[in-house]
Amino acid sequence: MFSLIGLLFLWPVLFLVAILVKIKMPGGPVFFVQKRVGKEGKLFNCHKFRTMTVKHNGSTVSVAGDSRITSFGAKLRHYKLDELPGLWDVLIGNMSFVGPRPDVPGYADKLEGDYRDVLKLRPGITGPATLKYRLEDEMLADLRRLMPEGEWLSQEQIDGMTDQELAVWYNDNVIYPDKVRLNCYYYRHYSFIKDIQMIVCTVLGKNMEYAGEVI
């Protein structure tokens with residue numbers, strides 16, 4: 001019901017963004033549709049506004065300044081406007097407002113043990129991990145400055161990687177496991193009040209206390 005209300009209320013914004021995508025990024029579709037892993041590991045089509053060039057190859061991990069991301073697409077990502085079509089996915093039952101972000105095949109569907117609890121949840125437009133890593137693209141682009149020397153990799157190893165290789169390594173070994181931890185905590189400590197708080201914080205760009213930390 002709320003996703004339908006959201007679509008009806010925000011249709012002028014959706015329409016305007018769609019027009020701007022066609023103007024700013026001609027020659028391609030308005031929407032980016034990709035198979036993602038949903039509840040119980042089932043695949044579904046996840047919808048977003050397109051933020052990248054039409055013809056590109058590369059990693060599913062993107063960073064701020066990635067040549068695949070257009071200047072207009074970067075603005076959509078920064079303000080999370082590219083996620084608005086996700087309201088349709090909520091309406092048809094593939095997603096929820098709050099939950100773990102839907103992953104591409106090869107991540108969530110390969111979780112083992114108690115970590116597979118994440119797959120018992122319907123993917124969400126926002127959630128604890130989404131809030132904590134809301135500026136993930138910018139962080140991945142600045143890893144060479146942000147990574148404590150020697151904590152995960154030696155300086156020699158860091159210097160031997162390209163920016164994209166370093167971003168993929170950091171995502172797979174640091175960010176993704178932390179997201180799984182947060183999402184498992186969410187599953188085991190569900191709170192409707194916290195759901196509402198996460199939605200409000202997402203819309204307003206605010207932080208909140210959750211699972212003993214500020215996200």
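## Aromatic pairs, cysteines and helix α1

Tyr 107 and Tyr 176 are both buried. The model is predicted.

The two tyrosines form an edge-to-face pair, because their ring planes stand at 65 degrees and the cut-off for that class is over 60. Tyr 107 sits in the loop between β3 and β4 (124-126), while Tyr 176 belongs to helix α8 (residues 163-188), so the contact links parts 69 residues apart in sequence. A second edge-to-face pair joins Tyr 186 and Tyr 190. Tyr 186 is buried, at 4% relative accessibility. The count of aromatic pairs comes to 5, including these two:

| Pair | Centre distance | Plane angle |
|---|---|---|
| Tyr 107 and Tyr 176 | 5.1 Å | 65 degrees |
| Tyr 186 and Tyr 190 | 5.9 Å | 85 degrees |

Now the cysteines. How many disulfides does the structure hold? The number is 0. Cys 184 is buried, with 2% relative accessibility. Cys 201 is buried too, and its relative accessible area is 7%.

Next, helix α1. The helix covers residues 2-24, which makes 23 residues. From first C-alpha to last, α1 reaches 31 Å, close to the 33 Å expected at 1.5 Å a residue. Where does α1 bend? The bend is at Leu 10 and amounts to about 65 degrees. Pro 12 follows within four residues.

Several α1 residues are buried: Ser 3, Gly 6, Leu 7, Leu 14, Val 17, Ala 18 and Val 21. Their cover includes two strands, β2 (43-49) and β3 (96-98), and two helices, α2 (71-78) and α3 (86-91).

Technical notes. Residues are numbered from 1 along each chain as its sequence is written. This is a predicted model: local features need pLDDT of at least 70, side-chain atom pairs count only at pLDDT 80 or more; totals for chains, interfaces and linings use all residues. Side-chain values use heavy atoms; hydrogens and water are left out. The expected span of a helix is 1.5 Å times one less than its number of residues. The bend at a residue is the angle between axes fitted to the seven residues ending there and the seven starting there. Buried means under 20% relative accessible area, exposed over 50%, partly exposed in between (1.4 Å probe, protein chains only). Contact means heavy atoms within 4.5 Å. A disulfide is a pair of cysteine sulfur atoms within 2.5 Å. Rings of Phe, Tyr and Trp (its six-membered ring) pair if their centres lie within 6.5 Å; planes under 30 degrees apart count as stacked, over 60 as edge-to-face and the rest as tilted.
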